[in-house]
Amino acid sequence: MADTKKTATLSYEGKSYELPILSPTVGPEVIDIRKLYAQADVFTYDPGFTSTASCESAITFIDGDKGELLYRGYPIEQLAEKSHFLEVCYLLLNGSLPTEAQMENFEGRITRHTMVHEQMHYFFRGFRRDSHPMATMVGVVGAMSAFYHDSLDINDPWQREVAAMRMIAKLPTIAAMAYKYSIGQPFVYPKNNLDYASNFLHMCFSVPAEDYTVSPVLAKAMDRIMMLHADHEQNASTSTVRLAGSSGANPFACVAAGIACLWGPAHGGANQAALEMLREIGTVDRIPEFVAKAKDKNDPFRLMGFGHRVYKNFDPRAKVMKESADEVLDLLGIHNNETLRVAKALERIALEDEYFVSKKLYPNVDFYSGIILEAMGFPTAMFTPIFALSRTVGWISQWKEMIGDPALKIGRPRQLYIGETTRDYVPVAQR
Ligand code: SDX
């Protein structure tokens with residue numbers, strides 16, 4: 001972190017406190033308040049962390065006003081067009097694009113870690129068939145710490161590396177197993193002669209009874225969706241992984257905590273909720289009814305897939321996803337897709353509406369992704385598991401960055417206490 005010698009002055013209770021200003025390579029400066037409580041016996045207050053930087057990081061940068069997203073400095077639009085998911089994994093983990101030899105070695109190591117311990121199959125039998133696949137993933141990913149004892153020591157850089165490889169490699173296998181289990185079909189093993197995205201589609205859609213050839217169109221669309229979801233700065237699930245990791249918990253348990261947080265409809269669960277909302281709207285003529293509900297302060301309904309804590313302009317991922325939706329549906333021969341028609345009309349109507357314009361609410365990454373995933377044959381319940389397997393590289397990259405920081409401290413926020421002051425116990429006969 002660059003130290004600029006600039007300071008901010010806080011006046012409180014008749015005293016002045018000089019707080020250091022720290023400068024980024026790009027984006028807002030930060031006021032360093034780490035010594036504030038010791039100096040002034042006062043806390044800062046920011047429950048939703050709307051104005052709080054929780055850490056320093058060199059992985060992902062977002063400019064919400066410009067609608068800009070950089071992975072290690074590379075714009076998401078360029079990576080989505082020119083790169084592929086495993087190359088983005090290497091970039092996020094290591095900080096630079098790989099040489100050909102580095103990519104070949106990385107891809108080989110990931111490929112050879114895609115199988116899970118055979119005994120993990122028994123975990124699935126403990127779940128009801130109609131369990132949400134996210135429930136299964138939280139359980140099975142957490143259980144990885146019961147199997148891979150040789151990559152639990154977070155103080156050993158080599159074990160951290162192996163745990164990272166194992167999670168990037170095995171999450172698609174576990175997600176596919178959760179899907180197969182939910183539809184009563186046998187698990188399908190990964191194949192080392194398939195690329196990462198094709199392997200995931202193979203494990204989801206092939207059956208032992210017949211040969212299955214992965215469509216290159218779907219594999220490319222799947223790979224692009226994985227790239228768009230790979231990392232996103234200090235979002236709720238990444239912050240969950242960091243907070244869990246700050247106590248020294250093993251990486252598998254930390255990622256399981258991240259999966260649990262991602263499941264919420266305000267976060268990664270929004271892709272499922274957005275498609276279900278588009279289905280409920282059904283036709284373009286019903287859009288005004290739902291827009292009115294979204295604007296009604298007394299109605300908890302929100303337009304799912306709209307709005308973002310950081311983006312106050314278009315989410316650049318939503319733009320790429322919207323282009324992909326057109327391309328994939330067209331290549332699949334799906335024309336006049338009513339859901340896509342409703343989505344595009346809803347976007348147009350909302351972006352012309354004063355409420356959405358004034359609050360700077362734009363479509364986010366979750367608005368169009370479900371349309372592509374549904375066209376690929378996935379049920380809505382698989383949308384967030386796909387987000388989770390794609391975000392695993394982001395979680396584990398951020399976790400690695402944090403664990404490797406010698407200044408690491410356990411995350412332990414304070415509070416604004418508004419409860420009772422000290423009072424004596426009252427025997428029940430006197431209450
Ligand atoms: C993801 O953080 C990340 O980076 C997340 C993510 C990632 O890659 O990790 O980008 C992935 O989670 C994307 C967001 C997916 N969630 C949804 O699409 C759910 C619908 N969106 C909202 O719930 C909301 O926009 C949030 C949760 C995304 C952001 O909420 P904030 O930043 O806390 O903003 P807010 O709730 O304070 O909203 C500001 C105003 C409010 O009105 P006022 O109280 O000021 O009058 O805008 C309104 C909100 O009521 N508003 C909406 C709305 N989103 C915000 N009104 C209608 N529909 C919406 N979708």
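Glycine 95 sits in the loop between α3 (85-94) and α4 (100-111). Helices here are DSSP runs of H or I with at least four residues, strands are E runs of at least two, and both are numbered from the N terminus. The model is predicted: local features need pLDDT of at least 70, side-chain atom pairs count only at pLDDT 80 or more, and totals for chains, interfaces and linings use all residues. Residues are numbered from 1 along each chain as its sequence is written, and side-chain values use heavy atoms, with hydrogens and water left out.

**Glycine 95 and helix α3**

Glycine 95 comes just after α3 and takes a positive phi of about 95°. Glycine 95 is partly exposed, at 31% relative accessibility. Buried means under 20% relative accessible area, exposed means over 50%, and partly exposed falls in between (1.4 Å probe, protein chains only). Leaving aside neighbours within four places in sequence, glycine 95 is in contact with Arg72 and Tyr90. Contact means heavy atoms within 4.5 Å. Phenylalanine 301 is 206 residues away along the chain, and its C-alpha atom is 40 Å from that of glycine 95.

How many of the 10 residues of α3 are buried? The count is 9, so the helix is largely enclosed by the rest of the structure. Tyr90 is one of these buried residues, and Phe85, Glu87 and Cys89 are also among them.

**The β4-β5-β6 sheet**

Arg72, a contact of glycine 95, belongs to the hairpin of β5 and β6. Three strands form an open sheet in the order β4-β5-β6, with antiparallel pairing. β4 and β6 stand at the edges with a single partner strand each, so one side of each lacks a neighbour in the sheet. Two strands pair if DSSP finds at least two bridges between them.

β4 (residues 60-63) and β5 (residues 68-71) are antiparallel over 4 bridges. Phenylalanine 61 has leucine 70 as its bridge partner in β5. Threonine 60 stands opposite tyrosine 71. Tyrosine 71 also stands opposite tyrosine 74 in β6. β5 and β6 (residues 74-75) are joined by 2 bridges.

Both hairpins contain a residue with positive phi. In the hairpin of β4 and β5, with 4 residues between the strands, glycine 67 has a phi near 70°. In the hairpin of β5 and β6, with 2 residues between the strands, arginine 72 has a phi near 55°.

In a regular strand the side chains alternate between the two faces of the sheet. β4 has both faces covered. Thr60 and Ile62 lie on one side, Phe61 and Asp63 on the other, and all are buried.

**The ligand site**

The ligand is surrounded by 24 residues, and the closest are His232, His308, Arg309, Arg317 and Arg391. A residue counts as near if one of its heavy atoms lies within 4 Å. By class, this shell has 10 nonpolar, 7 polar and 7 charged residues. Ala, Val, Leu, Ile, Met, Phe, Trp, Tyr, Cys and Pro count as nonpolar, Asp, Glu, Lys and Arg as charged, and the others, Gly among them, as polar.

Three side chains have a polar atom paired with a ligand oxygen, as tabulated here. A polar contact is a pair of N or O atoms within 3.5 Å; within protein, one must be able to donate a hydrogen and the other to accept it, and residues adjacent in sequence count only if both atoms are side-chain atoms.

| Side chain | Distance to a ligand oxygen atom |
|---|---|
| Histidine 232 | 2.6 Å |
| Lysine 297 | 2.9 Å |
| Lysine 359 | 2.9 Å |

The protein covers 77% of the 1,100 Å² of accessible area that the ligand has on its own. Areas come from the Shrake-Rupley method with a 1.4 Å probe; for residues, only the protein chains shown count as cover.

**Helix α18 and the loop before it**

Threonine 392 lies in α18 (residues 383-403). Is threonine 392 buried or exposed? Threonine 392 is buried, at 1% relative accessible area. Its side chain reaches the backbone oxygen of alanine 388 at 2.8 Å. Beyond four places in sequence, threonine 392 is in contact with Met167, Ile168, Leu171 and Val255.

Glycine 377 is in the loop between α17 (365-376) and α18. Glycine 377 is partly exposed, at 41% relative accessible area. Its contacts beyond four places in sequence are Tyr179 and Phe205. The C-alpha atoms of glycine 377 and phenylalanine 205 are 8.5 Å apart, with their positions 172 residues apart along the chain.
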